[in-house]
Amino acid sequence: MTEHLVSPDGIARAAELLANGELVAIPTETVYGLAAVARDAVAVAKIFVAKGRPSDNPLIVHVADRDVTGIVASWPAVAVQLSNAFWPGPLTLVADRHADFPAAVSAGRSTVGVRCPSHPSARELLARTGPLAAPSANRSGRPSPTNAQHVFDDLDGRIEAVLDGGPCVDGLESTVVDVTVVPPMILRPGSITRAQLEQVVGEVSVHPSVLAPSETTDARAPGMRYRHYSPDAAVWLVEGEHAVARAARLVADEPSSHAVLVGGEPAARTTVFTDAGALGTGLYAVLRHLDAQGVERIVFAGIPFDATAVLNRVRKAASRVLP
Ligand code: TXA
Ligand code: MG
């Protein structure tokens, strides 16, 4: 069975299991990650099996500090500037992979995604283990886990241990930026915004898949190709004029539906968030909770257009967008 280790006391045991080639779910400030020692190709392969992850979707390498020697082949000036500004924190930088760093981590690509998380337990663990490869610790296609219970719900019996570091403060996965292109390109939006990045390095572009409603085939953003972040319930997103009122009407006559609104009035079968930031932090927990309740349709509305990260997640989950 999967061990429940509680941080900080459980960190030493987590490090020992990882050193032995086992998989351990770890807390970060964004979402829980499913970690293996990055240079252990056999352990890394187990991540794909435990999650049911498509073998062509690369993993992120987590590091203890800004030292990326031996992981990347080159670290351009923008990478230095961005890592100085935002590490430790929720930013992943995609750079050319070092020839000696295992290709398995990047699903065979010539690039590698690297990030230094800010969660104190993750950092203490990384200081003991060295670089850890870790995707989000959910079964593939499920919402990412934002607490230890979510990880058990998805992976109990499939991994060696969960290091419980409490609920994740961010709740959405890191911003992913490709620094091999000029200007640097956002492949996945997160809590570090385009405006914040541009303050440090000037112009930053955004991959077209970021706000596309469904799947894309562009090879540069492999993670955006899959139907992600999906609960069992059908997800609808209402946009445009009077969206919140329209969503409220949609669920009012449908007992198996539930509305998730930013702003708006409290009502039956309705969860109201005060702003987009609160929705971002609570999104995955709400999706998992409503699935557990057996809700058949979740109707979102009121997400501001500039709340790119949370809008991206809901659009990717949505089977219908009502303009
Ligand atoms: O906040 C996070 O990033 C969390 C925590 C655990 O750190 N991790 C996470 O991992 O969200 P995952 O595997 O669920 O998402 C990684 C994303 C995917 O969209 C993947 O395609 C992209 O990063 N990615 C990783 N390496 C890449 C590369 N070399 N080139 C392009 N995209 C890459
Ligand atoms: Mg994921």
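Reader: What makes strand β12 and strand β15 a pair?

Author: In this predicted model, strand β12 (residues 234–238) and strand β15 (residues 297–301) are joined in the parallel sense over five bridges; since two strands count as paired if there are at least two bridges between them, β12 and β15 pair. Within this pairing, Leu237 has Phe300 in β15 as its bridge partner.

Reader: Which strands of the open sheet are called edge strands, and what makes them so?

Author: The sheet is built from five strands in the order β14-β13-β15-β12-β16, with parallel pairing. Its edge strands are β14 (270–273) and β16 (320–322), as each of these pairs on one side only. On average, and with direction ignored, neighbouring strands of this sheet are turned by 20 degrees against each other.

Reader: How do you know that helix α9 packs on the sheet, and which strands does it touch?

Author: Helix α9 (residues 308–317) touches β12 and β15, where contact means heavy atoms within 4.5 Å, and the direction of the helix makes about 130 degrees with that of β12.

Reader: Why is Ile159 called buried?

Author: Ile159 has a relative accessible area of 6%, and because buried means under 20% relative accessible area, Ile159 is classed as buried.

Reader: Where does Ile159 lie, and which residues does it touch?

Author: Ile159 lies in the loop between α5 (148–155) and β8 (161–164). Leaving aside residues up to four places away in sequence, Ile159 touches Thr2, Leu23, Ala25, Leu34, Ala50 and Val151. The C-alpha atom of Ile159 is separated by 29 Å from that of Val295, the two residues being 136 residues apart along the chain.

How values were computed
Residues numbered from 1 in each chain as written. Chains lettered and ligands numbered in written order. Predicted model: local features only at pLDDT ≥ 70, side-chain atom pairs only at ≥ 80, totals over all residues. Heavy atoms only, no water. Helix = DSSP H or I, 4+ residues; strand = E, 2+ residues; numbered from the N terminus. Axes fitted to C-alpha atoms, helices over the stretch in contact; angles between N-to-C directions. Buried < 20%, exposed > 50% of the residue type's maximum accessible area, 1.4 Å probe, protein only.
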